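User: Hi! I would like to go through this model one element at a time, with short reasoning for each answer. Could we start once the structure is up?

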Amino acid sequence: MNLAVLLLLASPPLPAEVLASPFGVVCPWPEVGAGGMGAVWVRCGAGATELGNWPGNEPFPGTFRFDRAESEWTGFYQKEQLVPTPILGYTPRWASRSPESADAHAYPPDPWAMLRYAEAVSRQFAGRVWYWEVWNEPNIEFFRGDIATYADLVKAAAAGVRRGNPAARVVLGGVAGVDRPFLDRCYQHGVRDFVDVVACHPYQWGNQFNDGWFFDKLTGLRTLLKGWGDGDRPVWLNELGWSSGGVTEEEQARLLVQAFVSGIARRDLGIQRMFWFCVKDWGHPDYGLYADDSHKKPAWHGYRNMVRQLAGRPCAGRLKTDASVRAYAFGEGDSCVVVVWSADLAEHAVTLPIAAAPTAACDLLGQPLTLAAPAAGRLPLTARPAPSYLTVPRAALSDLAPLTALAIAEGDPARHPLVWTSVYPQPGTDLPW
């Protein structure tokens, strides 16, 4: 074994507190990392940034240029203490199956070209980048190929990534929506042994977060994975957001916290990380945490307060309360933070099963709240659509319905080959043979 391979195998793992954090954002920007908003993970690449951007990293076949990606690393990821999860893509014109098309970047490349690029970029950033995602939303127009072709691309990219850094992990390209039929077909084409993480983009629209739909879709995804013997595979929601062109900026902040808290609470569904789309408006379509002029929108402040309240606190369970109210408790020590909100757009007078007065309470953006004293073992309050945070003694909680943590696994080297094999459907059937 040569020295380069030994160095790759010796790459230090990510700290446990980093791996445990669920808080991510799409694209880097100043003040979103540890010293500002508090995000840990950042999804990047595929033309949005230089890190992972194939046409910029390999402008000509076999000519690799990582100078701009390295500059980006120093200027953003390292400075902000962000952990990047780059998207490998899109196709350089020279590698495209349709190089003259206006959307040449969406046409599949030769898998061998992808393997060589994935190996080169993975080796370049070994010990700094641990996760590589294969394409973005391959189930819609971002990928102009069929599912069998995409599965081959995943296998080739995975082989390349691990040849470049055996400790690296591979994320199946985040699908638009929660496209279970597409993911099922990917598994039929044999991607299971090549990926460590499955990703999806469960967007909603309108000014009310529908957690029933949200949990139904993600429960169905977990059921699908279990059916393929992959029930312990982590799931990333690596795009999720609301546009402040369709809701108010205050509603955007509320929806962000409702969605994130709901997702990270459901440990039983194996939702490991969530990424807000996206960091800045850039003129369109107003999903950003920063506006065009770079001022911080309420969603930025809501995100920061959420991280301050919940970082390092796994979900302990759900408080039993009215059907119109959500109340999740986070923390495993002597105290818990309870996040409570009205699930509809109305206010509701409720009494929560909390027997002691909160030691601290604040609103969505971190402003202090004054609450009535508990009576007869219950805490009266008004649940509003905007979430509130209550810090309470763990012993004061009763009627707590536990949400069992799913034991998720990733990065098992025994199951990851460094070559790929392909399975193609027999003519006239929809199923591989």
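User: How many Å does helix H9 reach from its first C-alpha to its last?

Analyst: Happy to help! This is a predicted model, where local features need pLDDT of at least 70, side-chain atom pairs count only at pLDDT 80 or more, and totals for chains, interfaces and linings use all residues. Residues are numbered from 1 along each chain as its sequence is written, and side-chain values use heavy atoms, with hydrogens and water left out. Helices (H or I, at least four residues) and strands (E, at least two) are DSSP runs numbered from the N terminus, and the expected span of a helix is 1.5 Å times one less than its number of residues. H9 covers residues 249-265, 17 residues with 24 Å expected, and its reach is close to that: 24 Å.

User: Is H9 largely enclosed or not, and how many of its residues are buried?

Analyst: Buried means under 20% relative accessible area, exposed over 50%, and partly exposed in between (1.4 Å probe, protein chains only). H9 is largely enclosed by the rest of the structure, because the buried count among its 17 residues is 14.

User: Which residues of strand E3 are buried on each face?

Analyst: In a regular strand the side chains alternate between the two faces of the sheet. E3 spans residues 83-88, and six of the six are buried, so the strand is largely enclosed. Both of its faces are covered: one side has Val-83, Thr-85 and Ile-87, and the other has Pro-84, Pro-86 and Leu-88.

User: In what order do the strands of the open sheet run, and which stand at the edges?

Analyst: Two strands pair if DSSP finds at least two bridges between them. The nine strands pair in parallel, in the order E5-E4-E3-E2-E1-E9-E8-E7-E6. Each edge strand has a single partner, so one side of it is left without a neighbour in the sheet; these strands are E5 (169-172) and E6 (175-176).

User: Which residue in E9 is the bridge partner of Phe-23?

Analyst: Strand E1 (residues 23-26) runs parallel to strand E9 (residues 271-276), and three bridges join them. The partner of Phe-23 in E9 is Met-274.

User: What angle does the direction of H5 make with that of E3?

Analyst: E3, helix H5 (residues 111-124) and strand E4 (residues 131-134) make a right-handed β-α-β unit; right-handed means that, with the strands pointing away from the viewer, the path from the first strand over the helix to the second runs clockwise. H5 packs on the sheet and touches both E3 and E4, contact being heavy atoms within 4.5 Å. Axes are lines fitted to C-alpha atoms, for helices over the stretch in contact, and angles run from 0 to 180 degrees between N-to-C directions. For H5 and E3 the angle is about 165°.

User: Which residue in E3 is the bridge partner of Trp-41?

Analyst: Strand E2 (residues 41-45) runs parallel to E3, joined by five bridges. The E3 partner of Trp-41 is Val-83.

User: What is omega for the cis peptide bond between Gly-89 and Tyr-90?

Analyst: Tyr-90 sits in the loop between E3 and H5. The cis bond joining Gly-89 to Tyr-90 has an omega of about -15°.

User: Is Gln-81 buried or exposed?

Analyst: Gln-81 lies in the loop between helix H4 (67-80) and E3. Its phi is positive, near 55°, in a residue other than glycine. With a relative accessible area of 57%, Gln-81 is exposed.
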